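Student: Please take a close look at the interior of this protein. Start with what counts as buried, then go on to the packing and the empty spaces.

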Amino acid sequence: MKRQSCVLTAAALGLSTIAAGGCQFGQQPAAIKPYFGPTETIDELVTDINANVEPLPTLWAKGDFDATIVDHGHKNSVSGTAYLMHARPEQMLFIGKADVLGEVFRMGCGPDKYWVTVKGDTDTCWWGTFANLDRVDQDAIPVRPDLVEAVLGLDSLDTDLTRQPCPVMRFNNDQRAYMIVWNVKGPDRWLAQKEIWYDVDSKLPRLVNLFDANGRIVLSAYLSDHQPVQMDDSATQPASVPRSAPRVATNYRLFFPDSGSTLRLHLTQLKLTSQGHPNGGNFAFDPDTVDVTHVIDLDQSAR
């Protein structure tokens, strides 16, 4: 994983497991019928997963969102139209616009920088470089953009199953899910870096949890309603996109338990590109051009 930090990413737990633990994002899902049929090997599963995402070097999406950003106990709720752009490897831009106020939220990560801008009462931009990410106090930024990017389900998996982080697969009959856990060797023990549960039928990710080195959840992300992506740049969504086209989740529900921040994203348009976007310029960041009252350079406070 390119961006390694003291906050280690781990992924998807079963929906019923999370709901039983008191998730704030909805009611207990309907009962799942256990599966005891044939299953794939980890090599076959990785091949199926990559076959879905590799045709998507980029993604442009539009929808709606609502978020509650909590910074040291101060809450700022924003909502409106959402624009999401993604490019491999690990580049993302998320923009939230309100009808009257204009842009109210921006979050991104490029080749070397990450940033979050929240307008309204907060009126603050946090930014830093990945070179110093390991030394930044994780409580200094309300939402980590690189962690959000990691749960979108748009990056392909390493086919070398012996390279760290090393994947180990098990199967959950009751949840009808393949569970892959990636492990890395720490200074004094092995650590679970990420865990993803993939649906037995679709091979698509259902939910992602991110953990710190002590196993505490720092981000839970719930993925559902995967839909095919429009692979051309036409202005309108065709009446029917082939089911064979790559499929991406259209409903994301993110929860940061330590801070209480939440983000709900519902996508209604999915395209490979739209009018030349995304491009390299979308993932560039210049702190001198940010129009907010407070600009916080996280690298200055790096340990």
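Tutor: A residue counts as buried when its relative accessible area is under 20%, and as exposed when that area is over 50%. Keep in mind that this is a predicted model. Take Gln193 as a test case. Its relative accessible area is 1%, so Gln193 is buried. The residue sits in strand E9, which covers residues 190-199. Asp212 comes 19 residues away along the chain, yet the C-alpha atoms of Gln193 and Asp212 are separated by 8.4 Å.

Now to the nonpolar interior. The largest nonpolar core holds 50 residues. Phe65, Phe94, Phe105, Met107 and Tyr252 have the most contacts inside it. Look at Met107 in detail. Leaving out residues up to four places away in sequence, Met107 touches Met92, Leu93 and Phe94. On the same basis, Trp115, Val116, Val143, Pro145, Val148 and Leu263 are also in contact with Met107.

Next, the empty space. Rolling a probe the size of a water molecule over the atoms reveals where space is left unfilled. Searching the whole structure turns up three cavities of 30 Å³ or more. The second largest cavity encloses about 50 Å³. Several names return here: Met92, Phe94, Met107, Val148, Tyr252 and Leu263 are among its lining residues. Leu84, Leu152, Leu254 and Leu265 line this cavity too. Three strands each give at least two residues to the lining: E3 (91-98), E12 (247-256) and E13 (261-271). By class, the lining has 10 nonpolar residues, no polar ones and no charged ones.

Set that beside an open space. The second largest pocket has a volume of about 360 Å³. Its lining numbers 17 residues, and Gln138, Asp139, Ile141, Asp258 and Ser259 are the closest to its centre. The classes here are mixed: nine nonpolar, three polar and five charged residues.

Last, a hairpin. Strand E7 (residues 166-172) pairs with strand E8 (residues 177-185) in the antiparallel sense, over seven bridges. One bridge joins Pro167 to Trp182 in E8. Four residues lie between the two strands, and in this hairpin Arg176 takes a positive phi near 55°.

To recap the interior: Phe94, Met107 and Tyr252 are among the residues with the most contacts in the largest nonpolar core, and they also line the second largest cavity.

Notes. Residues are numbered from 1 along each chain as its sequence is written. This is a predicted model: local features need pLDDT of at least 70, side-chain atom pairs count only at pLDDT 80 or more; totals for chains, interfaces and linings use all residues. Side-chain values use heavy atoms; hydrogens and water are left out. Two strands pair if DSSP finds at least two bridges between them. A nonpolar core is a set of buried Ala, Val, Leu, Ile, Met, Phe, Trp, Tyr and Cys residues joined through side-chain atoms within 4.5 Å. Buried means under 20% relative accessible area, exposed over 50%, partly exposed in between (1.4 Å probe, protein chains only). Contact means heavy atoms within 4.5 Å. On a 1 Å grid over the protein atoms alone, a cavity is a set of points where a 1.4 Å probe fits but cannot get out, and a pocket is an open set with protein on both sides within 12 Å along at least five of seven lines; lining residues have an atom within 4 Å of a point. Grid points are joined across faces, edges and corners, and a volume is the space filled by probe spheres set on the points. Ala, Val, Leu, Ile, Met, Phe, Trp, Tyr, Cys and Pro count as nonpolar, Asp, Glu, Lys and Arg as charged, and the others, Gly among them, as polar.
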